[in-house]
Amino acid sequence: MAVNRVPVLKRCRSLGMDPIYLGINKKSNRQLKRANRKMSEYGLQLREKQKAKFIYGVLEKPFRNYYAKAKQMDGMTGENLMIILESRLDNVLFRMGFARTRKEARQIVDHKHVLVNGKQVNIPSYLVKAGDVVEIKEKHKNCVRYKDILEVTAGNMVPEWLDVDAENLKGLVKELPAREAIDVPVDEMLIVELYSK
């Protein structure tokens, strides 16, 4: 798997976004030295796509596949794309508060700690559906790691489309999220414009 080794805060600065969307509670004191040039239309579209890919940890090829899938679905392509990205298993774990960041959620899934509807799933890009029950395996529930994670994520807001039982490290996907419920600072219409060229 390709790994982006650019420091997270540096990447956030270059994309003009707050690291809190990644689950990182740090701030960078440095200012970006950028010439006051007006960004082109293509530059704005590309930056929005890079932002979405960076937040969800998706590479170009899968992102393009998600876009193709979103285009075939009913409704607006941009909204469908955001809903698909939000319903990835690693993102759902992060939203439930069982991981501090999406990268950590991805690792938890990779290490086979997660059950979806009672079956082990180790694919971070697995798309959950409405009614799915996501939980941490019984043998891992008492790990110190999850106690630490729950302490850190206890104050985080769980979205309305999820129902979480933090005590038992279990959650239910009540429904797929609407675009209004996704608090990610991405203008998906620019991504649609970029791909429809």
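**View 1. Surroundings of asparagine 117 in the predicted model.** Asparagine 117 is partly exposed, with a relative accessible area of 44%. The structure shown here and in the views that follow is a predicted model. Asparagine 117 lies in the loop that runs between strands S1 and S2. Leaving aside residues up to four places away in sequence, asparagine 117 touches Gly131, Asp132 and Val133. Leucine 169 lies 52 residues from asparagine 117 along the chain, and the C-alpha atoms of the two are separated by 14 Å.

**View 2. The hairpin of strands S4 and S5.** Strand S4, residues 162-165, pairs with strand S5, residues 170-173, over 4 bridges in the antiparallel sense. Two facing positions illustrate the register: leucine 162 stands opposite valine 173 of S5, and valine 164 stands opposite glycine 171 of S5. Between the two strands of this hairpin there are 4 residues, and leucine 169 takes a positive phi near 50 degrees.

**View 3. The open sheet and the helix packed on it.** The sheet is open and consists of 5 strands in the order S2-S1-S3-S5-S4, with antiparallel pairing. Strand S2 (119-120) and strand S4 occupy the edges; each has a single partner strand, so one side of each is left without a neighbour in the sheet. Helix H5 (residues 89-96) packs on the sheet and touches strand S1 (114-116), strand S3 (133-136), S4 and S5. The direction of H5 makes about 70 degrees with that of S3.

**View 4. The contact of helices H5 and H6.** Helix H5 and helix H6, the latter formed by residues 102-110, pack at an angle of about 115 degrees, and their axes are 8 Å apart. Their crossing is right-handed. On the H5 side the contact is made by Leu89, Asp90, Asn91, Leu93, Phe94 and Arg95, and on the H6 side by Arg102, Ala105, Arg106, Ile108 and Val109. Sorted by class, the residues in the contact of H5 with H6 are 6 nonpolar, 1 polar and 4 charged.

**View 5. The nonpolar cores.** In soluble globular proteins, nonpolar side chains tend to be buried together. The largest nonpolar core of this model has 25 residues, of which Tyr56, Phe63, Leu81 and Leu85 touch the most other members. Two or more residues of this core come from each of helix H1 (8-15), helix H2 (41-56), helix H3 (60-72), helix H4 (77-86) and helix H8 (188-195). Helix H4 gives the most to this core, with 5 residues. Leucine 81 touches Phe63, Tyr66, Tyr67, Ala70 and Ile191, residues up to four places away in sequence not being counted. A second core, separate from this one, has 22 residues, including Leu89, Val109, Ile149 and Val173.

**View 6. Glutamate 188, a buried residue of helix H8.** Glutamate 188 is found in helix H8. With a relative accessible area of 9%, glutamate 188 counts as buried, because that term applies under 20%. Glutamate 188 touches Gly78, Glu79, Met82 and Arg179, again without counting residues up to four places away in sequence.

Technical notes:
Residues numbered from 1 in each chain as written. Predicted model: local features only at pLDDT ≥ 70, side-chain atom pairs only at ≥ 80, totals over all residues. Heavy atoms only, no water. Pairing = 2+ DSSP bridges. Core = buried A, V, L, I, M, F, W, Y, C linked by side-chain atoms within 4.5 Å. Buried < 20%, exposed > 50% of the residue type's maximum accessible area, 1.4 Å probe, protein only. Contact = heavy atoms within 4.5 Å. Axes fitted to C-alpha atoms, helices over the stretch in contact; angles between N-to-C directions. Left-handed = near helix turned anticlockwise from the far one by under 90°. Nonpolar A, V, L, I, M, F, W, Y, C, P; charged D, E, K, R; others polar.
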